[in-house]
Amino acid sequence: QVQLVESGGGLVQAGGSLRLSCAASGGTFTSYTMGWFRQTPGKEREFVAANSGSEGNTFYADSVKGRFTISRDNAKNTVYLQMNNLKPEDTAVYLCATTHLVGLLTTEVVSRTTNYYYWGQGTQVTVSS
């Protein structure tokens with residue numbers, strides 16, 4: 001059974017940095033797309049970043065471009081989200097997700113929550129002003 005476990009969240013001041021990790025188990029994820037999303041109470045789940053499988057292409061929401069970096073270590077079945085220059089509006093529960101997508105991948109495709117089969121429980125990130 002596929003499991004995703006996020007870690008690395010916490011409280012940080014605006015302008016600070018955090019690195020989130022998502023460890024996957026129960027399968028081989030080399031060819032899987034790994035994504036990060038975030039959610040705040042009362043709002044829909046929001047796409048943050050994704051990393052495709054074999055091609056290693058990366059995709060970002062406009063709100064985090066230039067500040068966040070997604071990367072993966074296939075040997076460890078782990079995907080990371082390096083978050084720099086954090087802002088109070090980045091405060092949210094961050095969740096990782098994985099899916100096997102085929103065909104041409106675009107930001108529009110990888111940002112759809114309905115395209116992801118497996119989800120982690122999330123890790124809280126709080127940015128104080």
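Q: What makes the approach of the Thr-98 side chain to the backbone oxygen of Thr-33 a polar contact?
A: Happily, the distance settles it: the two meet at 3.1 Å, and a polar contact is a pair of N or O atoms within 3.5 Å, where, within protein, one must be able to donate a hydrogen and the other to accept it, and residues adjacent in sequence count only if both atoms are side-chain atoms. This is a predicted model, in which local features need pLDDT of at least 70, side-chain atom pairs count only at pLDDT 80 or more, and totals for chains, interfaces and linings use all residues. Residues are numbered from 1 along each chain as its sequence is written, and side-chain values use heavy atoms, leaving out hydrogens and water.

Q: Why is Thr-98 called buried?
A: Thr-98 has 0% relative accessibility, so it counts as buried (under 20% relative accessible area; exposed is over 50%, partly exposed in between, with a 1.4 Å probe and protein chains only).

Q: What makes Asp-90 and Arg-67 a salt bridge?
A: Their closest N and O atoms are 2.8 Å apart, and the rule asks for a side-chain nitrogen of Lys or Arg within 4 Å of a carboxyl oxygen of Asp or Glu. Asp-90 sits in the loop between β8 and β9 and Arg-67 in the loop between β6 and β7, so the pair ties together parts 23 residues apart in sequence. Both residues are buried.

Q: Why does Glu-108 count as partly exposed?
A: Its relative accessibility is 45%, so Glu-108 counts as partly exposed. Its salt-bridge partner is Arg-112, which at 38% also counts as partly exposed.

How values were computed. Helices (H or I, at least four residues) and strands (E, at least two) are DSSP runs, numbered from the N terminus.
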